[in-house]
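Here are some short exercises to work through with the model open beside you. Try each task before you read its solution.

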Amino acid sequence: MREKKKYRIISFHTTTEAIAMEKKCGKMHIPGRLIPTPREISASCGLAWRMTEEEYMAYEEIINQLELEYDQSVCLMLLRWI
């Protein structure tokens, strides 16, 4: 079964920035993962960071302090398997 859930999608200009996000979030135990950029968003490198909207709200200040450049940060309703 599939349901729609709100996710925060952060897209990047370069693959280097996307990988840096993954490494820094991993070290700080910030939940999320790299995914192919959804079709609804255009991004230069094709990778995006995905986390639930609730997780983003909890970690937003820390993420902004990581000093990473990203293209855009949007909330999308995406399908997920349950």
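On the other side of α1 from its buried face, Thr16, Lys23 and Lys27 are exposed (over 50% relative accessible area, 1.4 Å probe, protein chains only). This is a predicted model, in which local features need pLDDT of at least 70 and side-chain atom pairs count only at pLDDT 80 or more, while totals for chains, interfaces and linings use all residues. Residues are numbered from 1 along each chain as its sequence is written, and side-chain values use heavy atoms, leaving out hydrogens and water.

**Exercise 1. Find which residues of α1 are buried, and what they pack against.**

Step 1: Locate α1, a helix (a DSSP run of H or I, at least four residues, numbered from the N terminus) that covers residues 15-27.

Step 2: Pick out Glu17, Ala18, Met21 and Cys25, which are buried (under 20% relative accessible area). Seen down the helix axis, the buried residues fall within an arc of 100° (taken from the directions from the axis to the C-beta atoms), so they line one face of α1.

Step 3: Look across from that face: the partners are β1 (2-11), β2, β3 and α2 (53-64).

**Exercise 2. Trace the contacts of Met21 and place this residue in a core.**

Step 1: Leaving aside residues up to four places away in sequence, Met21 touches (heavy atoms within 4.5 Å) Ile10, Phe12, Trp49, Ile63, Leu66 and Leu68.

Step 2: Met21 is among the residues with the most contacts inside the largest nonpolar core (buried Ala, Val, Leu, Ile, Met, Phe, Trp, Tyr and Cys joined through side-chain atoms within 4.5 Å), which has 14 residues. The largest share of this core, three residues, comes from α1.

Conventions
Helices (H or I, at least four residues) and strands (E, at least two) are DSSP runs, numbered from the N terminus.
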